[in-house]
Structure formats: C-alpha cells, structure tokens
Amino acid sequence: LIFENFLHAADAMASWSVVLAMVAGILVGYGLGSIPGLTSSIGIALLIPFTFDMSAVASIVMLVTLYMATEYAGAIPAILINTPGVPAAAVTALDGYPMRLRGEAGQALTMSILSAGFASIVSTVLLILSATWIASFALAFGPVEYFAIAVLGLSLVSSLSGDSMLKGFVGLGFGLAAGVIGTDPMDGVPRYVFTDSLLSGVGFLPALIGLFALSAVFSLVEKSGDAPSPLTSVPSVSGQVGLMRPHLWTLIRSTLVGFIVSVIPGHGATISAFVSYGFQKRLSRTPETFGHGNPEGLIASEAAANASVPGALAPMLSLGIPGSASTAVLIGALTLHGVQPGPLLFVRNPEIPFSIFAAMIISMPFMVALGLVGIPFWVRVTQVPRSIIAGLVAAMCLLGSYASANDVFAMWTTIFFGVVGYGMRKVDIQPAPIVLAMVLGSLMESNYRRALIASGGDWTTFVTNPLGLVCLIIAVAVFALPFLKRPGKSPPHDPVLGS
Amino acid sequence: VRAAAADIVAGVLLCGVAAALWIGAGYIQTRTRGFMGPVAFPEGVALLLGGCSLLMIGRAAVHWRAPERVGLERPESVLAAMVLVALYPVLIEHLGFYPATGIWLVPLLWVAGCRGPLVIGGCAIGFLVFTKLVFEMLLGTPLP
C-alpha cells in the first residue's frame, strides 16, 4: 500500500511547478535560516501567501522543504558568528563556534550539513513507517478519542512555554479565546462577532503572520542598533564524507534521539537538540571538551535538530496535532488548501503525505549540495543589516496578510496579533502555545460536544473509552508532574547547557 | 521595567479579556444551553484565562522584589514602527497599494535604523518591483 501511495504521489509531483516549488523552498529556507531572528515558522507563515495559486501538493512541498532548509541553515551563522539562525542552532554554536575559532570552520560546516542530510533521510524513513501506522490505527477514532487527543496536545503546552508553565497556560487561554470568535462549529450561531469580517472566525493566517513574523519585526527594530558580528574571511568547505566516519554511532544515536523526542507533540527541534547534546555528553569519555569545540557535540545537536523535522510531522500528518510551532503553521497552510491533516488524510488525499515524504527524500541531496557549494553566498546573507530585514519583513507581513483574504481587515488582524505577540514575548509568553490552542481549540470543542450529544449528555463516556481514558490520564500527568517535584531538589546545573 | 510589574500589567489586561469573554458569552443567542451548547466552551475558556491571569498577577506580587527586569531597547523606534504599521492599512485604502507602500516603506526603514538614502530607496523600489512581478504578474493576486 505504501508503494501504491508513492506512485500516487509521483503522479501528483510530476510537474515543473512542484520541482520549482521544491527548489524555491530550499533556497528561501537557506536564506531565512541564515538570518538570525527569522525562524522556520516565520518563513512558512510569510511564504503561505505565495502558495494560494499553487496546487496543494506544490505548496506543501515548498513549505516542507523550506522548513527543512531553515532548520539546517540556522547552523551557518551559529558556527560562523556565534549567533544561531534558529533557536535549535544555539546548541550547535556551543561547539561549532569554538571550532571556527580554532580555524576549523570548513570542517564544522561540512560536519553540520552532512549530519543534517543523514538525519533527515533516516528520520524521513522512520516518519513514513510511524505516520502510516499511527494513521491506520487512528482511523477507528471517534469524538471521545479526538477530544482526549486534543486535550493531550494542549497539556503538552508546558514544553512550548519557555520557562514558566503558568505563562504557557495563559498563552493557551488566549489562543482558545481567539479561537471561539466566529460562527459556532456545531450550532452555527455567531459568537463575539462584532463585524461581518469575523463571521468565519479570526483569520488563522493573518494571526500567525502577526504572532510570529510581525512581532519579530518589532524585536528586530529594537535590536537593529546592534551590527551583525563581522566576518573577515569566508571558509572553504571540503564536503569530505570521511570526516564523519569516526562519529558514525553518534550520528545514528542522535538521529534516533531527535526523532523520538520530536514525535511527542510540543517537543520541537530545540528540545531535541538539547536532549541529544546532553545525552552525548553523558556518554562521552571526554565530557569536559564539550562546549570547547568537540565535533561530537556539533554532530549530536545538528543530527537531532534536523531529525526533529520529520519527527514533528508524524503527529501532524497522522493525528492532526502539531508537533512544533512550525507544524502548527503547516496545518494552517494545508487547511487553506482545503486539506485537513489527520488519519483521514491518508485515505482521502494520500498524495499529500506521500508527496511530503518523497519531497523530503528527493530534496535532501540538493539541500546538502547547495549547503556545501553555496556557503560563500549564505555567509554574505548573515551580514545583511537587521534594519533592512525588519523593514522588508514588515512589508511582506502586511502584503501576505492582505493576499490571504483580499481584505484590509486581515491586515488589522495581523497588526493586532503582531503588537500582542510582541508584548507577550516581553513577559515570556511564547506565541507557540497560542497557535497550538487556535489549532486544537475547535477540534477539542466540536468533539467534546459531539461525544456528549452521542452519549445523551452522559459524562462517563470520556472515562469508559480505554484510549480516551489513557490520553486523559497522560494529559493530567503531564500537567501535574511539574508540580509534584520534590521540594528543595533542583535539577543539576550543567556549565554548558545551564539548568 | 521590573519583570513583576510587566507581569502584573499583562495579567490585568488578560483578566480584562477573560471578563469580556465571560460577559460576551451571555449575549450568545442560542436555545441550546448547558454543556452541549455553544456557550459552555467560551465560559470555560474565560475561567481558564482569568484564573491563570490572576495566578500570574499573584505570583508577580509575591516575587515583587525579584531582580529580573524586562529589557526594552530603543522604545521610541519600536513605538514609531507600531504607529507606522498601523497607518499602512489606512494609507492603502486611500492611496492604493503602490503609492502607499512606497511612501510607507521609506520612514519605516529609517525608523528601523537604515540611514543610507540609496539603501532606503533601493529597498523600497526593489520591494515594489518584486510585488509587481511576483504577486501581481506571477501569482495573479489583485492588489488594492
């Protein structure tokens, strides 16, 4: 069946528009990842308006390849100027930058791209196996199971909330509040609709662009006085595969760690990279060299961060639950093309998930080649002043928002969420829980009401269903565990990773 | 700004959102009341948001003397950027996309810290050419 679905995907992908979309995704992803401050979720949100005229397959292929390329390219400024292009690359910088200071920049860049390439291919194979299995299992799910899964997804918000779980829940509440605006999903009555433009709810894409991209513009304006760290020479990259031979087990181990960690909804590239780095350090015979240019540390973080991209796609494709902030944005993109992620996606539109799998495997050699050959260009990109990036991204945000609905009201939505998102970042309320709640809120509400209607208002329906009960118990445990830590016991302090 | 003070301000504003959500739920016109109706979920969300915001305020008050601070660099530039961004939809409705964007991008780039007139002009013209070629001609997006 998998082979048959790949044939469907090959049929859907056999067009120049898909190939061009793939190349564009990789190029834009490299550009965005090389610029500190612009993450994959910002990139995907900004690129969605360009996909309105494309087929669903071409647009999702472009956005997924952009996601992969951005996660890799974040390592370039991390290694060269000690400024991570994406948050996960902060772990790469721990050993990558000291290697550059030792004059081994070319070696560090080669190792990082080869690790990324290997991890992406292996974890894509794992994604194909796991997503198809989970989806076939989830086909039997009813409203109770979906409600329980949505609650579980929301409870995992604690891992997306920065330092404070409470603030994660505040963000979650705000996202759910934004999600209830519009026509009620079951009865069709309007809720909190003070203008006709809100009848279909708060525009998901304008809100995303505001929360991720426009709020980042204000942060860039704030920091635009800081010039990018100067780079005096462009390193040469060898592309020597032999460099990886002594680190093969590290590579395999970190890929598996990165994939497994990121399959848990809410655990994106950053957590995967930190877990893998810490794990590798614990296994190392020379842990004291970590943070001082140990290639094992660089490989552990890069392999895990890049393995997390397919990992985060597994719950998104098979259950419709975003595994990371970027996959939450991808769900928005798919929905705009009339495609609903979840188990039925594998039955109704198998060409979509299988095009994603195929694109991830096909694009990887191009991505590696482009990474190795294009280093002199990406190095220049890291030096673009923040002021120029801020101005142009702001213009793109508003233009993209307008294009999403051909309505000026969408711009107001983006501006509102941009200002709110910036303010919330200041008090350490991250945008990811807000977006997660906007995605899962309506799924949770509609299935909760469907389950109650089906059971004639009997509440025990939520605890008599075995799978639903397991999900709800895990959700409660995820919520309660941080409060059950023994008093007075703080986590050990690592001199490199912190607490 | 003291981090605790920022938390309190944010908490109060979010409490206001929760209160508005709760009050607004009373105005939803439906015959289906109770847990199966369209009112219960927004009310539950209002309780969650309000409760968490109150906890945030309480925690900030308890940790009032904590040394953490919220950094705010170049506040006048950020505020100016916000005002300019808010002006853009108004300009677009009155002038149309191309004149509005051209007029708007120049001060925005300046506020963002760009000082070279050639760079500012180049970026503004480059963006307009890009939107014409990509959005209007390639993607067929009708611009206002």
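## The second largest pocket

Let's start with a hollow: the second largest pocket has a volume of about 1,200 Å³. A pocket here is an open set of points on a 1 Å grid over the protein atoms alone, where a 1.4 Å probe fits and protein lies on both sides within 12 Å along at least five of seven lines; the volume is the space filled by probe spheres set on those points. This is a predicted model, in which local features need pLDDT of at least 70 and side-chain atom pairs count only at pLDDT 80 or more, while totals for chains, interfaces and linings use all residues. Residues are numbered from 1 along each chain as its sequence is written, and side-chain values use heavy atoms, without hydrogens and water.

The lining (residues with an atom within 4 Å of a point) comprises 48 residues, and A:F204, A:T335, A:M438, A:V439 and A:S442 lie nearest the centre. α20(A) provides the largest share, 9 residues. By class, the lining has 26 nonpolar, 17 polar and 5 charged residues.

## Where chains A and B meet

On to the interface: 64 residues of chain B are in contact (heavy atoms within 4.5 Å) with 60 residues of chain A. About 5,200 Å² is buried between the two chains, with carbon and sulfur atoms giving 78%; this is the accessible area (1.4 Å probe) lost on putting the two parts together, summed over both.

## Salt bridges across the interface

The rule finds 2 salt bridges between chain B and chain A, each a side-chain nitrogen of Lys or Arg within 4 Å of a carboxyl oxygen of Asp or Glu. B:D7 and A:K167 meet in a salt bridge through their side chains, at 3.0 Å from N to O. On the side of chain B that touches chain A, α3(B) gives the most, with 11 residues.

How values were computed: Chains are lettered from A and ligands numbered from 1 in the order in which they are written. Helices (H or I, at least four residues) and strands (E, at least two) are DSSP runs, numbered from the N terminus. Ala, Val, Leu, Ile, Met, Phe, Trp, Tyr, Cys and Pro count as nonpolar, Asp, Glu, Lys and Arg as charged, and the others, Gly among them, as polar.
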